[in-house]
Amino acid sequence: MCMNFQSSCNLTPICQNEKWGYANKSGNIVIPCKWDSAGFFHEGRARVRNFQRRYGYIDESGKEVISCIFLDASDFEDGTATVAIGDFSPVPKDLDLSRLHNLSWIDIDKNGIPLNKDDQLLDYLCKLEDYCSDPASFVRYEEYWQNKIL
């Protein structure tokens with residue numbers, strides 16, 4: 001078992017039985033191994049991919065704070081991450097994202113709220129199974145833009 005820690009976090013990704021989770025510096029698994037892939041924590045968020053090949057983010061307690069609905073995703077930097085959305089559900093296992101031209105890339109904040117106000121984007125996100133099934137996502141988006149406009 002090889003563990004590589006970043007200085008800013010006490011957790012590191014670890015693979016067990018072809019599933020990824022997180023271990024602490026003592027080597028104890030503290031976030032269960034249930035992901036297809038798992039990245040390092042950046043600004044309190046780690047990028048994870050579920051077995052439907054969709055990306056989302058967890059916090060340091062292991063809670064999925066941004067649903068796994070994105071085709072690709074970056075790490076957080078300065079409070080923002082860039083994510084890809086598209087019309088593939090489920091995502092084919094052999095999909096080469098580098099050849100896909102109809103992806104839309106958007107920036108989100110640490111709550112998963114798109115940084116551009118766009119009603120069409122919100123309509124699209126609501127068609128994705130997890131975004132608007134979590135009423136908090138929709139409410140956060142609406143409250144964010146109402147406060148921004150005021």
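# A guided tour of the predicted model

C33 has a relative accessibility of 16%, so this residue counts as buried. Please select C33 as the starting point of the tour, and bear in mind that the structure on the screen is a predicted model.

**Stop 1: the cysteines C33 and C15**

Keep C33 selected and add C15. Why does the sulfur of C33 form no bond with the closest cysteine sulfur? The closest cysteine sulfur belongs to C15, and it lies 7.0 Å from that of C33, which is too far for a bond. A disulfide requires two sulfur atoms within 2.5 Å. C15 is accordingly in no disulfide, and the structure as a whole holds 0 disulfides. The surroundings of C15 may also be inspected: with a relative accessible area of 39%, C15 is partly exposed.

**Stop 2: the open sheet**

Now display the strands β1, residues 12–16, β2, residues 19–23, and β3, residues 29–35. These 3 strands form an open sheet in the order β1-β2-β3, with antiparallel pairing. Which strands stand at the edges of this sheet? They are β1 and β3, each of which pairs on one side only. Viewed along the sheet, neighbouring strands are turned against each other by 30° on average, if direction is ignored. As a general principle, the strands of a sheet pair through backbone hydrogen bonds, in either a parallel or an antiparallel manner.

Next, follow the pairing strand by strand. The antiparallel strands β1 and β2 are joined by 5 bridges; to find one of the partnerships, select Q16 and its bridge partner K19 in β2. Then move to the other side of β2, where 3 bridges join it to β3, again in antiparallel fashion. Here A23 may be selected together with I29 of β3, which stands opposite.

**Stop 3: two residues with positive phi**

Select N17, which is placed in the loop between β1 and β2. These two strands form a hairpin with 2 residues between them. Phi of N17 is near 55°, a positive value in a residue that is not glycine. For comparison, most residues other than glycine have a negative phi. Is N17 buried or exposed? Its relative accessibility is 69%, and therefore N17 counts as exposed.

Continue to E43, in the loop between β4 (37–42) and β5 (45–49). Phi of E43 is likewise positive, near 55°, in a residue other than glycine. E43 counts as partly exposed because its relative accessibility is 35%.

**Stop 4: the nonpolar cores**

Select Y57, I66, F70, F76, V83 and I108 together. They are the residues with the most contacts inside the largest nonpolar core, which has 13 residues. Which elements give two or more residues to this core? They are β6 (55–58), β7 (64–70), β9 (81–85) and β10 (104–108). The largest share, 4 residues, comes from β7.

A second core, separate from the one just described, has 11 residues. To locate this second core, select A38, A46, V48 and I58, which are among its members.

**Stop 5: F76 and its aromatic partner**

Return to F76 and show its surroundings. Leaving aside residues up to four places away in sequence, F76 touches H42, E43, R45, Y57, I66, A81, I108, D109 and K110. E43, visited at an earlier stop, is thus found again among these contacts.

The structure holds 2 aromatic pairs. One of them is formed by Y57 and F76: the arrangement is edge-to-face, with 4.8 Å from centre to centre and 65° between the planes. Where do the two partners lie along the chain? Y57 is in strand β6, whereas F76 is in the loop between β8 (72–73) and β9, and the two are 19 residues apart. Both Y57 and F76 are buried.

**Stop 6: C68**

Select C68 in strand β7. Its relative accessible area is 5%, so C68 is buried. Now add R53: the two residues are 15 residues apart along the chain, and their C-alpha atoms are separated by 8.5 Å.

**Stop 7: the whole chain**

Finally, clear the selection and view the chain in full. It contains 2 helices and 10 strands. Read along the sequence, these elements follow the pattern β-β-β-β-β-β-β-β-β-β-α-α. Colouring by accessibility concerns 150 residues, of which 42% count as buried. Among the contacts in the chain with a separation of 6 or more, 37% come from residues 24 or more positions apart.

Definitions and conventions: Residues are numbered from 1 along each chain as its sequence is written. This is a predicted model: local features need pLDDT of at least 70, side-chain atom pairs count only at pLDDT 80 or more; totals for chains, interfaces and linings use all residues. Side-chain values use heavy atoms; hydrogens and water are left out. Two strands pair if DSSP finds at least two bridges between them. Axes are lines fitted to C-alpha atoms, for helices over the stretch in contact, and angles run from 0 to 180 degrees between N-to-C directions. A nonpolar core is a set of buried Ala, Val, Leu, Ile, Met, Phe, Trp, Tyr and Cys residues joined through side-chain atoms within 4.5 Å. Buried means under 20% relative accessible area, exposed over 50%, partly exposed in between (1.4 Å probe, protein chains only). Contact means heavy atoms within 4.5 Å. Rings of Phe, Tyr and Trp (its six-membered ring) pair if their centres lie within 6.5 Å; planes under 30 degrees apart count as stacked, over 60 as edge-to-face and the rest as tilted.
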